[in-house]
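Welcome! Here are some short exercises to work through with the model open beside you. Try each task before you read its solution.

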Amino acid sequence: MSSILRCGRFVFSTSGIANRRLKHARRGWALLIFLALGGALSVVVGGEWKSGIIWPAPPVVDPGPVGGPPSDAIVLFDGKNLSQWDGGENWLVRDGAAIVGKGNISTKQSFGDCQLHVEWASPKEPKGSDQSRGNSGVYLMGRYEVQILDSYQNETYADGQAGAIYKQSPPMVNACRPPGQWQTYDVIFHAPRFTPDGAVERPATITVLHNGVVIQDHFQLAGGTFWHKPPEYEPHAERLPILLQNHGAPVRFRNIWVRELVPPVDKQPIQTDTNETESKD
Ligand code: MG
């Protein structure tokens, strides 16, 4: 049923309006169906991208309590004794902490690429200033120092304060807690690589989190960290002990563990030359 509407010179048919609405609706539905079909078609034709590499399932690791150690870590100090360290008999273990004593101590095991967790505390009653206040250090491979220092309201040169890669890279921020409080270092270290003739093939890199704050971000070391001379590389073994420094301050340590970094290896089938195999027979 339709009716005619007159408005001045204009004449409207209600059935005409309804027809136009119907046409618009049909066009809308057609567009939606077209888009849906197009999307489905693109999935069917293009499909999901896959790398083609067959990765092994990553080993399962129990991360343990906050601060670790994870289940695959090598525990270097659990608060009981320093049996994992050469020279450990010269440091005191008391109330679950190892206290810097006579000389440096070095791990009996050697490490290359690794993740290292160390907790330390500078003396509660600060003595001295500058480099004399709460100085110690964590030396990867016995030669690349992450500085330990009481850098809480203690001025010193930037590349010598807590978290510095000594005389090479200051920490991005000073995340030091007040003296006496426990602090964490989480280090990701990649050992340098040398060619057979002793040239640097790939420099060492280091990332450090101090109390959970990133302070070194994949820094590329220029060589060993020295007080008396510029950094330089001296060719060395792929694995070497980790060293804790005696710098005259009774810094405490606890909860020290390390994980060796083993990148996943893919199982992509290797193309073999059958002709070559046959010729060997
Ligand atoms: Mg030091």
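Buried means under 20% relative accessible area, exposed over 50% and partly exposed in between, using a 1.4 Å probe and protein chains only. This is a predicted model, in which local features need pLDDT of at least 70 and side-chain atom pairs count only at pLDDT 80 or more, while totals for chains, interfaces and linings use all residues. Residues are numbered from 1 along each chain as its sequence is written, and side-chain values use heavy atoms, with hydrogens and water left out.

**Exercise 1. The metal site**

Find the protein donors of the magnesium ion and say which parts of the chain Ser-136 and Gln-245 tie together.

Step 1. Donors are N, O and S atoms within 2.8 Å of the metal (3.2 Å for Na, K and Ca); water is not among the atoms, so sites may look incomplete.

Step 2. Asn-135 (OD1), Ser-136 (O), Glu-145 (OE), Gln-147 (OE1) and Gln-245 (OE1) serve as the protein donors, 2.2 to 2.4 Å from the magnesium ion. Along the chain, the donors are spaced as N-S-x8-E-x1-Q-x97-Q.

Step 3. Ser-136 belongs to strand S9 (residues 136-140), and Gln-245 to the loop between strand S16 (243-244) and strand S17 (252-260), so the pair links parts 109 residues apart in sequence. Strands (E, at least two residues) are DSSP runs, numbered from the N terminus.

Step 4. Are these two residues buried or exposed? Both Ser-136 and Gln-245 are buried.

**Exercise 2. The loop after S16**

Describe the surroundings of Ala-249, which is in the loop between S16 and S17.

Step 1. Ala-249 counts as buried because its relative accessibility is 7%.

Step 2. Contact means heavy atoms within 4.5 Å. Beyond four places in sequence, Ala-249 is in contact with Val-100, Gly-134 and Asn-135.

Step 3. Gly-134 is 115 residues away from Ala-249 in sequence, yet their C-alpha atoms are 5.3 Å apart. Another of these contacts, Asn-135, is also a magnesium donor.

**Exercise 3. A buried glutamate**

Work out which side chains make polar contacts with the side chain of Glu-119.

Step 1. Glu-119 sits in strand S8 (residues 114-121) and is buried, because its relative accessible area is 8%.

Step 2. A polar contact is a pair of N or O atoms within 3.5 Å; within protein, one must be able to donate a hydrogen and the other to accept it, and residues adjacent in sequence count only if both atoms are side-chain atoms.

Step 3. The Glu-119 side chain has such contacts with the side chains of Arg-254 at 2.8 Å and Asn-255 at 2.7 Å.

Step 4. Now follow Asn-255, in strand S17. A polar atom of its side chain is 3.0 Å from the backbone oxygen of Gly-67. Gly-67 is also among the residues in contact with Glu-119.

**Exercise 4. The open sheet**

Give the strand order of the open sheet of five strands and identify its edges.

Step 1. Two strands pair if DSSP finds at least two bridges between them. The order is S4-S7-S16-S9-S10, paired antiparallel.

Step 2. Strand S4 (85-86) and strand S10 (144-148) are the edges: each has a single partner strand, so one side of each lacks a neighbour in the sheet.

Step 3. S4 pairs with strand S7 (residues 105-107) over two bridges, and Asp-86 stands opposite Ser-106 in S7.

**Exercise 5. Confidence**

Decide which segments to treat with care.

Step 1. pLDDT is the predictor's confidence in each residue, from 0 to 100. The chain mean is 87, with 79% of residues at 70 or more.

Step 2. Residues 274-281 stay under 50 and have zero contacts beyond four places in sequence. Residues 7-12 also stay under 50, with eight such contacts.

Step 3. Where pLDDT is low, the predicted coordinates should not be read in detail.

Terms used. Helices (H or I, at least four residues) and strands (E, at least two) are DSSP runs, numbered from the N terminus.
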